[in-house]
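The following paragraphs lead through the pockets of a protein model, beginning with the one whose lining is shared between domains.

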Amino acid sequence: MDLAKGIKSIEQFSLEGRRVLIRADFAVPLTPEGTIQDDSRIHAALPTIKYAMEQGAKVVLAAHLGKPKGKRVNDLSMLIVGERLQELLTRSLGREVEIFVPDECVGDGPRKLIMERLDGEVVLLENLQFHPEEEANDGLFAQRLAALGDVYVNDAFAACHHAYASLSAVPRLFVEKGAGLALMKELSVLSRLLSAQVDAPFVVAVGGERFADKVGFMTNLLGRGRTVLVGGGTAVTLLSAQGLGVGRSKVDAERIEAARNFLSRARLRQAEVLLPVDLVVAREVSDEATSETVPSDSVPEDALILDIGPKTALMFATALGQARTVFWNGPMGVFERPRFRSGTEAVAKAIARSSGLSVVGGVDTVAAVARLVLTPFFRHVSLGGPATLMALEGRELPGITALRETA
Ligand code: ADP
Ligand code: MG
C-alpha cells in the first residue's frame with residue numbers, strides 16, 4: 001500500500017515569488033506558565049519552511065495551538081511559536097530571520113502583511129482555532145484562508161486524522177497542492193510498514209493504555225511470519241480474554257469478544273502473538289507501594305498489573321533482536337514511575353540495538369523513548385499519535401485524502 005500515491009511533493013512546484021500556504025503542526029505542549037515545553041514539532045517543520053524560503057517563496061504558515069475552542073485566547077497566540085521559530089531559523093540559516101505574525105488568520109490584515117513581504121520572507125498566521133469554522137471544516141472560512149496562498153502544502157501529519165478546514169476543505173480549493181518534506185517522509189515510512197514486501201522478520205510491539213485503541217492496527221499488521229508482542233494495559237484485556245485473572249486491573253469488558261477475535265485471526269493468518277509470561281504487580285500506582293513479580297497465571301485478586309516482568313522483557317528483547325523491521329507503539333507499563341519502567345526500557349533498548357527499519361509512534365511512547373535518551377537510535381520517530389495508528393489501521397486520513405483530489 002502506497003500512502004503517497006497520487007500525492008505531489010513540495011519539490012514538484014515552482015515556488016519563486018509565489019505565496020505558499022503551508023499547514024504546519026505547531027501544536028506544541030505548553031508548561032503551566034505558558035512557555036514551550038517541547039519544541040520537537042517546530043524542529044520537524046524546519047526542512048519544509050527552509051526549502052520554501054530558499055526557493056524564494058513568500059511563506060505563509062497556518063497552524064493551531066492548544067484548544068481555544070473557537071475563541072480568541074491570548075495565551076494561545078501563535079506569537080510564542082513565532083518567537084521560537086525565529087530563533088531556530090536564524091540559527092539554522094546563519095542570518096537574522098524575522099517572522100511576521102498578523103493578529104488574525106484570515107482577512108485584510110494577513111492579506112496586506114503577506115503582500116508586503118519580499119520573496120523568502122515568512123508570515124505565521126494567528127491561531128486557526130480562534131475561529132470555530134476551522135474545526136467545523138467550514139467552506140467559507142476555507143475560501144478566506146485559501147485566498148492567502150497560490151500553492152498549498154500540508155506538512156502537518158499529526159493533524160491529518162482531523163477533517164479541519166485547513167486540512168480538508170482548503171486543499172480542495174487549490175490546483176497546486178501537495179505534501180511537505182516531513183509529511184512525505186512519514187508517508188513513505190508508514191507505506192513500507194504496510195507493504196507486503198516489508199523486510200521479515202517484522203515484529204510489532206504493542207503496549208499502552210487501552211486495548212480498544214490498539215486492536216485496529218494490530219489486526220491490520222497481522223500476517224504470516226509476523227510477531228506481535230503485547231504488554232501494557234493492552235495485554236490485560238488479552239490475558240483476561242484467555243481466562244486468566246488480572247486482579248483489579250482495568251479490563252475493556254466490551255472488548256473481550258474483540259480480543260478473542262484478534263487471537264483467532266492471528267492464528268488464521270499464521271502470525272505469532274506473544275503475551276506476558278510474568279508481570280510486575282502492586283496494590284497501587286505509586287513508587288512507595290511494594291511491588292512483586294508474579295507469573296501471568298497467578299495475579300493476586302487485589303493487585304494491579306503495572307509492568308511486564310523480567311522473563312517477558314527478555315523474551316520480547318530476543319524477538320526484537322531478530323527483527324529486520326520493527327514498529328512500536330505503547331509503553332509496556334506505567335513508565336512514568338521508575339518502579340514500573342523496566343519493561344519499557346528493555347523493549348526500547350532492544351529496538352535501539354536493532355539494525356533494521358525501526359519505527360516508533362505514539363505521543364507517550366515517543367516521550368518514553370526521549371526520556372531514555374534513545375531517540376537517535378530509532379530509524380524513524382513518527383510525528384503522529386492517532387494519525388499514525390489510523391494510517392496503520394489501513395484507514396483514510398482526511399488530510400491525506402484531500403491532497404489527492406483534483407480541484
Ligand atoms: P501512546 O500515546 O504512545 O499511543 P498510550 O496513550 O496508549 O500510548 O499509552 C500510554 C499510557 O499507558 C502511559 O501513560 C502508561 O502509564 C499507560 N500504561 C502502560 N501500561 C499500563 C498498565 N499496565 N496499566 C495502566 N496503564 C498503563
Ligand atoms: Mg497517549
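In this predicted model, the lining of the second largest pocket takes at least three residues from domain 1 (10-186) and at least three from domain 2 (196-393). The space in this second largest pocket comes to about 760 Å³. Its lining consists of 28 residues, and those closest to the centre of the pocket are Asp38, Ser40, Arg41, Val366 and Leu383. Two or more lining residues come from each of helix H1 (40-54), helix H6 (181-194), helix H12 and strand S15 (380-381). Sorted by class, the lining of the second largest pocket holds 13 nonpolar residues, together with nine polar and six charged ones.

From here the reader may turn to the largest pocket, which encloses about 1000 Å³ of space. It is lined by 37 residues, of which Gly208, Glu209, Arg210, Asp213 and Gly233 lie closest to its centre. The elements that each contribute two or more residues to the lining of the largest pocket are helix H7 (211-220), helix H8 (232-241), strand S12 (304-308), helix H12 (363-371) and helix H13 (386-392). Among these, H8 gives the most, with four residues in the lining of the largest pocket. By class, that lining is made up of 15 nonpolar residues, eleven polar residues and eleven charged residues.

One element links the two descriptions: helix H12 gives two or more residues to the lining of the largest pocket, and H12 likewise gives two or more to the lining of the second largest pocket.

Conventions:
Residues numbered from 1 in each chain as written. Chains lettered and ligands numbered in written order. Predicted model: local features only at pLDDT ≥ 70, side-chain atom pairs only at ≥ 80, totals over all residues. Heavy atoms only, no water. 1 Å grid on protein atoms, 1.4 Å probe; cavity = no way out; pocket = protein on both sides within 12 Å on 5 of 7 lines; lining within 4 Å. Points joined across faces, edges and corners; volume = space filled by probe spheres on them. Nonpolar A, V, L, I, M, F, W, Y, C, P; charged D, E, K, R; others polar. Domains from an automatic or database assignment.
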